[in-house]
Every structure is written in structure tokens, then in C-alpha cells.
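Colleague: I am new to this structure and would like to learn how to read it. Could we go through it feature by feature?

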Amino acid sequence: MKGKYTILITGGAGFIGSHVVRRFIKRYPDYQIINLDALTYAGNLANLKDIEATPQYLFVKGDVCDVALVQKLFADYAIDAVIHLAAESHVDRSILDPFAFARTNVMGTLTLLQAAKEFWAGSGAGNHLFYHVSTDEVYGSLEGDGFFTETTPYDPHSPYSASKASSDHFVRAYRDTYGLPVVISNCSNNYGPCQFPEKLIPLFIRNICQNKPLPVYGTGQNVRDWLYVEDHVQAIDLIFHRGRRGETYNIGGCNEWKNIDLVRLLVRITDRLLERASGSSDGLITFVTDRAGHDLRYAIDASKLTGALGWAPSLGFEEGLERTVRWYLDNQEWLEQVSSGAYRDYYEKVYGGRA
Ligand code: NAD
Ligand code: DAU
């Protein structure tokens with residue numbers, strides 16, 4: 001007999017995924033949540049310490065490319081819906097190793113789509129949904145004014161964005177060819193607690209604390225549209241429950257910053273919270289060789305989401321940044337473990353032999 005509504009969340013030990021898992025566990029006690037995560041360098045179960053003992057939560061260590069495992073999870077747990085976040089997510093790594101990105105982001109997505117299609121075809125009418133979490137980088141680079149809308153043609157430039165674009169195309173192909181109930185969201189740059197310190201904001205917070213150089217790529221004129229992670233996750237919740245099947249929603253904070261201006265603000269806030277004299281870390285800012293294929297500007301038009309579902313970001317940028325810096329300062333152990341690799345022991349300690 002079918003029990004609770006069961007959601008397979010992939011990549012739930014990562015940055016955004018851990019916030020999604022926590023929100024769904026706390027807000028929806030009637031759901032069963034299965035977190036499938038390979039625990040790559042970016043996956044960290046310490047992100048979920050506070051909810052790991054909840055009975056409605058199950059962690060499975062595994063790869064989204066593992067066809068047999070994914071099929072077994074659908075069958076064993078009668079998966080009703082998928083929220084797919086597992087991915088290789090860092091642009092600089094994709095420049096060094098594009099194949100890893102094609103494997104996880106394209107083949108992993110395809111593996112999940114196929115398993116959902118096969119399982120749901122045989123399981124009768126149900127409230128099924130395949131929710132694919134994607135990025136604004138699929139739209140390419142804005143060279144002047146204007147914004148990405150849901151109909152902006154895809155124009156990816158990095159191996160990362162090419163792999164995410166490809167995965168989006170597969171999701172729509174399964175919608176159109178097999179009638180799979182899908183929804184896609186494309187979000188702008190996230191920031192907040194638990195982001196791996198390879199991405200701009202946590203890397204620079206760590207380096208300011210340690211008096212290390214802050215490597216700004218090129219001239220620092222590139223523009224990103226920043227959104228606090230919990231605002232992204234609130235949008236995912238809304239779209240999951242009220243979004244129209246088959247549709248795409250852009251998510252963005254309407255919050256564009258040139259990298260160099262953001263870095264200056266971050267230095268100011270971090271110095272203040274460290275009780276250092278204002279300006280004492282300015283000299284750490286160092287201009288370095290630009291990222292290959294570096295997109296100039298991303299900016300999201302989120303009016304479809306705000307109009308249809310009433311979503312709006314809850315947090316101003318300075319407040320969100322300050323909250324983020326405080327979190328990293330209060331969680332030095334997390335930062336040290338992530339930097340040293342010690343966080344990898346956590347799985348063995350907590351789940352050794354039973355996940
Ligand atoms: P992240 O790198 O922090 O986490 C990725 C998670 O996926 C990790 O827990 C990792 O262990 C897991 N994973 C990687 N390969 C796997 C595999 N083969 N099988 C199972 N699990 C695997 O990423 P993030 O920043 O939290 O991004 C999550 C999703 O959101 C990604 O799909 C990304 O493209 C998308 N996204 C991210 C941002 C952002 O600013 N970070 C913005 C828009 C969209
Ligand atoms: O737009 C959404 C995307 O945002 C997500 O899909 C990606 O998963 C996520 O990593 C992020 O991509 P970016 O490349 O924009 O993020 P990153 O933090 O790597 O870089 C932000 C900007 O800062 C970018 O213009 C490059 C620049 N940068 C980054 C690093 C790590 C630097 O100048 N120096 C750095 O050391």
C-alpha cells in the first residue's frame with residue numbers, strides 16, 4: 001500500500017540542495033524525503049546535521065548516473081516526484097574537466113528522466129512531477145541592457161553551462177515526446193550559508209579572514225544577479241507546489257552587481273564584523289588573469305514567477321551578505337573541515353555501514 005508522498009531530492013548534501021531538504025522536512029512532515037547524493041567534494045552531510053535523524057528523511061549515497069540504483073530507488077520507495085539538483089556546479093572546474101560535467105549533468109539527468117518515465121508509466125495516475133533545477137547561465141551573456149526571459153534563446157559558453165543547457169533540452173524532450181510532467185527553473189547566482197569556498201563569496205570571506213589575496217578575474221567588470229539561497233529555495237517550493245506542469249520559470253533577485261563593487265562591499269562588511277579597521281583588507285584585492293570564456297553579464301527577468309505565483313525575494317543584499325559573513329565567521333570549524341577535506345569522514349562516522 002502506498003504510504004507518504006515520496007520525493008527524491010538529488011544533490012541534497014550540496015549547497016542549495018541542503019537548504020531544499022531542510023525546508024521540505026520542516027514544512028511538510030507528511031512527505032517522505034529521499035536524498036540521493038554521491039558526496040563528491042561538494043557534498044557535505046554536516047550541512048544536514050540538524051535534520052538527519054528525522055524519521056521522514058533517508059540519505060542514500062549514490063550516483064545519479066547509476067541506472068540500476070536509480071531504478072531500484074523508484075521501485076523500492078515508489079517515488080512520486082523528483083527535485084533534481086545534483087550536478088557539477090563550478091564553472092572553473094568545468095574548464096579543467098568538461099567530461100565530468102557532461103557525465104553528471106547530462107547523463108545523470110537522462111538517467112533520472114528515463115527511470116521516472118518507466119516507473120510512472122506503470123504506476124497509474126498520480127501526482128507526479130520531475131522538477132529540474134537549472135541555471136541562468138544557459139542563456140549566455142548579456143553584452144548591454146536587457147534581461148533573460150524564459151524565451152531567451154540558449155547560448156551557453158562554458159562547459160558547465162553547455163552541460164546544463166543540454167540537460168534542460170533533455171527534460172523538455174521527455175515532456176514533449178513521452179508526456180513526462182516536468183517543470184524547470186533557471187536561477188541566478190546564489191549565496192548564503194554552506195556554499196563551498198570555491199565560489200566567489202565564500203572563497204573571498206575565507207581569504208579575508210586569513211589575510212590572503214582576493215583574486216578578481218580580469219578587470220572585475222563582470223555583472224552577476226545575486227539571490228540569497230533561502231529565497232531561491234522558497235521559489236522552488238512555490239513552483240513545486242503551484243507551478244504549471246511543462247513550464248519554465250526564471251528566478252532572480254533583481255540585484256545586479258559588478259564583481260569589483262561586490263568585492264569592495266564584502267571586504268567592508270567582513271572587516272567590520274572582524275572588528276578590523278575599515279579599509280584594512282582593501283589591499284588584498286588582486287586583479288588576476290581572466291576566466292576563459294568569462295560571461296560579461298547575467299540579469300534575470302523574474303516577472304513570470306512574481307506575477308503568476310506571487311514570489312518576491314525577502315532579503316536585501318547588504319542584509320543577506322552580512323548574514324552570510326556572520327555564518328562563516330560563526331562556523332569556522334565547517335570552513336576548516338571543508339578546506340582540509342576532513343568533512344569527508346562525516347559520512348563514515350554517521351552512516352558507516354547503514355546507508
Ligand atoms: P553544489 O556543487 O554545492 O552541490 C552539488 C551536489 O550534487 C553535491 O552534494 C554533490 O555531492 C552532488 N553530486 C554531484 N555529482 C553527483 C552525482 N553524479 N550523483 C549524485 N550526486 C552528485 O551545487 P549547488 O550550487 O548547490 O547547485 C545545485 C544545483 O543548482 C545545480 O544543478 C546547479 O546547476 C543549480 N544552480 C546553482 C546556482 C548557484 O548559484 N549555486 C544557481 C542556479 C542553479
Ligand atoms: O548564474 C548561476 C551560476 O552562478 C550557477 O549556475 C553556478 O553553479 C554558480 O557557480 C555561479 O556561477 P559563476 O561562475 O557566476 O559563480 P562564481 O562564484 O564562480 O563567480 C562569480 C563571479 O566572480 C564570476 O564573474 C567570476 C568571478 N570570480 C570568481 C572566482 C571564484 C572571480 O573574479 N574570482 C574568483 O576567484
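Modeller: Let us begin with salt bridges. A salt bridge is a side-chain nitrogen of Lys or Arg within 4 Å of a carboxyl oxygen of Asp or Glu. Keep in mind that this is a predicted model. One case to look at is Arg-268, which forms a salt bridge with Glu-318; their closest N and O atoms are 4.0 Å apart.

Colleague: Why does that pair tie together parts that are apart in sequence?

Modeller: Arg-268 belongs to helix 8 (residues 259–273) and Glu-318 to helix 10 (residues 317–330), so the bridge joins parts that are 50 residues apart in sequence.

Colleague: Is Arg-268 buried or exposed?

Modeller: Neither word fits, because the class in between runs from 20% to 50% relative accessible area. Arg-268 has 46% relative accessibility and counts as partly exposed. Its partner Glu-318, at 41%, also counts as partly exposed.

Colleague: How many salt bridges does a search of the whole structure find?

Modeller: The search finds 17. Helix 10 gives two further examples to read. Glu-319 forms a salt bridge with Arg-323, with the closest N and O atoms 3.8 Å apart. These two residues are four apart in helix 10, so about one helical turn separates them. Glu-319 is partly exposed at 46% relative accessibility, and Arg-323 is partly exposed at 39%.

Colleague: And the other example?

Modeller: That is the pair Arg-326 and Glu-322, whose side chains meet in a salt bridge of 3.1 Å, N to O. Both residues lie in helix 10, four residues apart, which is about one turn of the helix. Arg-326 has a relative accessible area of 42% and is partly exposed.

Colleague: Which residues are linked in a network of salt bridges?

Modeller: Arg-22, Lys-26 and Asp-50 are linked in such a network.

Colleague: Let us turn to cysteines. How many disulfides does the structure hold?

Modeller: The general idea comes before the count. A disulfide is a covalent bond between the sulfur atoms of two cysteines. In a model it is recognised by a pair of cysteine sulfur atoms within 2.5 Å. This structure holds zero disulfides.

Colleague: Why is there no bond between Cys-209 and Cys-194?

Modeller: The sulfur of Cys-194 is the closest cysteine sulfur to that of Cys-209, but the two are 16 Å apart, too far for a bond. Cys-209 is partly exposed, with 22% relative accessibility. For Cys-254, the closest cysteine sulfur is in Cys-187, 13 Å away, which is again too far for a bond. Cys-254 is exposed, with a relative accessible area of 69%.

Colleague: Next, the ligands. Which residues come nearest to ligand 1?

Modeller: There are 28 residues around ligand 1, and those that come nearest are Ile-16, Asp-37, Ser-89, Tyr-160 and Lys-164. To read the contacts, look for pairs of N or O atoms. A side-chain N or O atom of Asp-37 is 2.6 Å from an oxygen atom of ligand 1. A backbone N or O atom of Ala-38 is 3.0 Å from a nitrogen atom of ligand 1. A polar backbone atom of Thr-40 also lies 3.0 Å from an oxygen atom of the ligand. Ligand 1 has 830 Å² of accessible area on its own, and the protein covers 96% of that area.

Colleague: Which element gives the most to the shell around ligand 1?

Modeller: Strand 5 does, with three residues. The elements that each supply at least two are helix 1 (15–27), strand 5 (129–135), helix 5 (159–178) and strand 7 (189–191). By class, the shell has 13 nonpolar, twelve polar and three charged residues.

Colleague: Which residues come nearest to ligand 2?

Modeller: Of the 24 residues around ligand 2, the nearest are Thr-135, Asp-136, Tyr-160, Arg-291 and His-294. Arg-291 places a polar side-chain atom 2.6 Å from an oxygen atom of ligand 2. For Glu-137, a polar side-chain atom lies 2.8 Å from an oxygen atom of the ligand. The side chain of Arg-224 has an N or O atom 2.9 Å from an oxygen atom of ligand 2. The protein covers 94% of the 680 Å² that ligand 2 has accessible on its own. Helix 6 (200–209) and strand 8 (214–217) are the elements that give two or more residues to this shell.

Colleague: How does that shell divide by class?

Modeller: The shell around ligand 2 has ten nonpolar, eight polar and six charged residues.

Technical notes
Residues are numbered from 1 along each chain as its sequence is written. Chains are lettered from A and ligands numbered from 1 in the order in which they are written. This is a predicted model: local features need pLDDT of at least 70, side-chain atom pairs count only at pLDDT 80 or more; totals for chains, interfaces and linings use all residues. Side-chain values use heavy atoms; hydrogens and water are left out. A residue is near a molecule or strand if one of its heavy atoms lies within 4 Å of it. A polar contact is a pair of N or O atoms within 3.5 Å; within protein, one must be able to donate a hydrogen and the other to accept it, and residues adjacent in sequence count only if both atoms are side-chain atoms. Accessible areas come from the Shrake-Rupley method with a 1.4 Å probe; for residues, only the protein chains shown count as cover. Ala, Val, Leu, Ile, Met, Phe, Trp, Tyr, Cys and Pro count as nonpolar, Asp, Glu, Lys and Arg as charged, and the others, Gly among them, as polar. Buried means under 20% relative accessible area, exposed over 50%, partly exposed in between (1.4 Å probe, protein chains only).
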